[in-house]
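Q: Can you walk me through this model? I'd like to start with the sheet and then look at a couple of helices.

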Amino acid sequence: MSRTRISRAFAALAGLVFMAAIAAPARGADPSPDLWERLKAFHGDLCLGSVMGARIGLAAKAALLKAGGEGKLMAAYYDLSCPVDGIQVAVGTTYGGRTLTVEDRDDHRLVLTAEGNGKQVEAKLTKLADDKGAAFRVMKGKSRALPEGSKERQDIEKEMAVIVKWFQTAPDAEVVEVKIVH
Ligand SMILES: [Zn+2]
């Protein structure tokens, strides 16, 4: 094969790869490892709150698009804490871009609106997810009281990691409750 042919073949192949990339189905509510990498880079670590926010955001976005939401998405979250970063990375609405507003009211609820036609959904954690979050916080408190590197602390940290993993991988319906507002 001549060099030109090789480069043509390569260009064709690269074109196919590109087409495959854009033709790939939207991941929707199915969180990808790439999402977690991006969130870790953005937030600094994959803490439970940021993961919760990402799941809430993904589920809300998927439900809104399924309900026929059109145009630019606008998000409102009612607590100023780690989940806000999860929402920014997962939904793409940003505080700096004024597509995300945050009100600090200790209410972990996301309202997502499609500006094109006013469709709106509201998303929050399920009771099961809330309970797991509460258990996680108790474990965190206990682990901090134990000497670093001790067997007891390592055991608790393992259990905490299991909860984070659950939040990353459990099906949407188990983690997030979404309501179509209108
Ligand atoms: Zn955090």
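A: The sheet comes up before the helices.

A: This is a predicted model, where local features need pLDDT of at least 70 and side-chain atom pairs count only at pLDDT 80 or more, while totals for chains, interfaces and linings use all residues. Residues are numbered from 1 along each chain as its sequence is written.

Q: OK, what order do the strands of the sheet come in?

A: The open sheet has five strands in the order 2-1-3-4-5, with mixed pairing. Strands pair if DSSP finds at least two bridges between them. Helices (H or I, at least four residues) and strands (E, at least two) are DSSP runs, numbered from the N terminus.

Q: And which strands stand at the edges?

A: Strand 2 (100-102) and strand 5 (176-180) do; each has a single partner strand, so one side of each is left without a neighbour in the sheet. On average, neighbouring strands of this sheet are turned by 20° against each other, direction ignored. Axes are lines fitted to C-alpha atoms, for helices over the stretch in contact, and angles run from 0 to 180 degrees between N-to-C directions.

Q: In what sense do strand 4 and strand 5 pair?

A: Antiparallel: strand 4 (residues 120-125) pairs with strand 5 over five bridges. Lys124 has Glu177 in strand 5 as its bridge partner.

Q: What does helix 4 touch on the sheet?

A: Helix 4 (residues 83-91) packs on strand 1 (73-78), strand 2 and strand 3 (107-114), and its direction makes about 170° with that of strand 1. Contact between two residues requires their C-beta atoms, placed from the backbone, to lie within 7 Å.

Q: Switching to helix 5. Which residues are buried there?

A: Ala129, Lys132 and Phe136 are buried in helix 5. A residue is buried if 20 or more other C-beta atoms lie within 10 Å of its own, exposed if 12 or fewer, and partly exposed in between, with C-beta atoms placed from the backbone. Down the axis of helix 5, the buried residues fall within an arc of 55°, so they line one face of the helix. That arc is taken over the directions from the helix axis to the C-beta atoms.

Q: What do they pack against?

A: The buried residues of helix 5 pack against helix 3 (48-66), strand 4, helix 6 (151-169) and helix 7 (172-175). Exposed residues on the other side of helix 5 include Lys127, Asp131 and Arg137.

Q: Which residues of helix 2 are buried?

A: In helix 2 (residues 33-43), Leu35, Leu39 and His43 are buried. They pack against helix 3 and helix 4. Just after helix 2, Gly44 has a positive phi of about 105°.
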